[in-house]
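Subject: A structure for you to look through

Hi,

I'm passing a structure over to you, and my notes on what turned up in it come after it. Have it open while you read, and look up each part as we get there.

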Amino acid sequence: MIGNPNFNGESDCGSGYAMMEQISHRGKMPDAVICANNYIAYGCVNALHDRNIQIPKDVGILMFDDYPFSKILKPMLTVVNATTNYGENIYIVGNVPELGSWNVDECTEAMLNPGYPEWYLPVSVPANTTIEFKFIKKDASGNVMWESGGNRVIASSGEKSGVIDTEVYIWR
């Protein structure tokens with residue numbers, strides 16, 4: 001982002017929304033926004049949703065705190081508990097285009113892990129769809145390790161702005 005990337009406001013949803021509006025009016029959107037707490041992040045998510053900007057495809061949101069955010073986010077929030085080696089990241093790949101249509105080179109961006117070993121990623125998926133997916137590890141050289149076992153399956157909400165509250169998955 002060009003210029004000062006810092007925005008100040010209160011630690012609430014309204015300020016998060018207002019700060020994201022300021023960011024979006026500056027021109028090119030950043031790859032990701034780091035929020036000081038989950039309330040600000042929730043406001044940012046709502047502002048992006050209102051502008052039809054997809055998370056994490058268009059903009060990633062990094063949030064802190066230990067608030068059960070998946071209960072109120074509009075996109076699906078996926079969390080997996082997985083240990084990794086230095087240089088490895090966790091990704092989600094699955095049967096819908098938003099998850100790469102099983103192509104590891106087209107899957108989601110790397111999951112976020114401020115609470116290692118838990119990794120999370122908000123993912124916008126089609127409404128009213130049965131989604132099959134797996135977690136993969138990729139190292140810095142692009143080598144891929146698929147988790148073991150069968151595909152994981154979840155049904156997305158029937159509402160366009162519905163929420164899926166996923167469990168905390170354990171890497172298999």
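**Starting with the helices**

Let's begin with a quick check on α1. At 1.5 Å a residue, its 12 residues should span 16 Å, and the end C-alpha atoms are indeed 16 Å apart, so the two values agree. You can do the same with α2: its 13 residues should span 18 Å at 1.5 Å a residue, and its end C-alpha atoms are 18 Å apart, which agrees too. Keep in mind throughout that this is a predicted model.

**The overall layout**

The protein has 2 helices and 10 strands. If you walk along the sequence, the order reads α-β-α-β-β-β-β-β-β-β-β-β. There are 172 residues in the protein, and 44% of them count as buried. Now take the contacts between residues at least 6 apart in sequence: 65% of those join residues at least 24 apart.

**How the two helices meet**

How do the axes of α1 and α2 cross? Helix α1 covers residues 13-24 and helix α2 covers residues 38-50; their axes come within 6 Å and cross at roughly 50°. That angle makes α1 oblique to α2. The crossing of α1 past α2 is right-handed.

If you want to see who touches whom, colour these residues. On the α1 side you have C13, G16, Y17, M19, M20 and E21, and they meet Y39, I40, Y42, G43, C44, N46, A47, L48 and D50 of α2. By type, the residues of this contact divide into 10 nonpolar, 3 polar and 2 charged.

**What is buried in each helix**

In α1, the buried residues are S15, G16, M19, M20, E21, I23 and S24. What do they pack against? Their partners are β1 (32-34), α2 and β2 (60-62).

Over in α2, 10 of the 13 residues are buried, so this helix is largely enclosed by the rest of the structure. The buried ones are N38, I40, A41, Y42, G43, C44, V45, N46, A47 and L48. They pack against α1 and β2.

N38 is a good one to click on. This residue lies in helix α2. Is N38 buried or exposed? Its relative accessibility is 4%, and the cut-off for buried is under 20%, so N38 counts as buried. Have a look at S11 as well: N38 and S11 are 27 residues apart in sequence, while their C-alpha atoms are 8.7 Å apart in space.

Just after the helix there's a small backbone detail to spot. N52 follows α2, and the phi of N52 is positive, near 60°.

**The loop between β4 and β5**

Next, go to the loop that runs between β4 (89-94) and β5 (112-115), where you'll find S101. S101 isn't a glycine, yet it has a positive phi of about 50°. With a relative accessible area of 43%, S101 is partly exposed.

W102 sits in the loop between β4 and β5 as well. What is the phi of W102? Its value is positive, about 70°, although W102 is not a glycine. The relative accessibility of W102 is 31%, so it counts as partly exposed.

D105 is also found in the loop between β4 and β5. Its relative accessible area is 63%, and D105 is therefore exposed. From C-alpha to C-alpha, D105 and V93 are 9.2 Å apart, with their positions 12 residues apart in sequence numbering.

**One more loop**

Finally, find G158, in the loop between β9 (152-155) and β10 (165-170). This glycine has a relative accessible area of 59%, so G158 is exposed. Which residues does G158 contact, leaving aside its neighbours within four places in sequence? They are A127 and N128. P126 is worth finding too: it is 32 residues from G158 along the chain, and the C-alpha atoms of the two are separated by 8.9 Å.

That's what I have for you. Happy browsing!

Definitions and conventions: Residues numbered from 1 in each chain as written. Predicted model: local features only at pLDDT ≥ 70, side-chain atom pairs only at ≥ 80, totals over all residues. Heavy atoms only, no water. Axes fitted to C-alpha atoms, helices over the stretch in contact; angles between N-to-C directions. Helix = DSSP H or I, 4+ residues; strand = E, 2+ residues; numbered from the N terminus. Parallel < 35°, antiparallel > 145°, perpendicular 65-115°, else oblique. Left-handed = near helix turned anticlockwise from the far one by under 90°. Contact = heavy atoms within 4.5 Å. Nonpolar A, V, L, I, M, F, W, Y, C, P; charged D, E, K, R; others polar. Buried < 20%, exposed > 50% of the residue type's maximum accessible area, 1.4 Å probe, protein only. Expected span 1.5 Å × (residues − 1).
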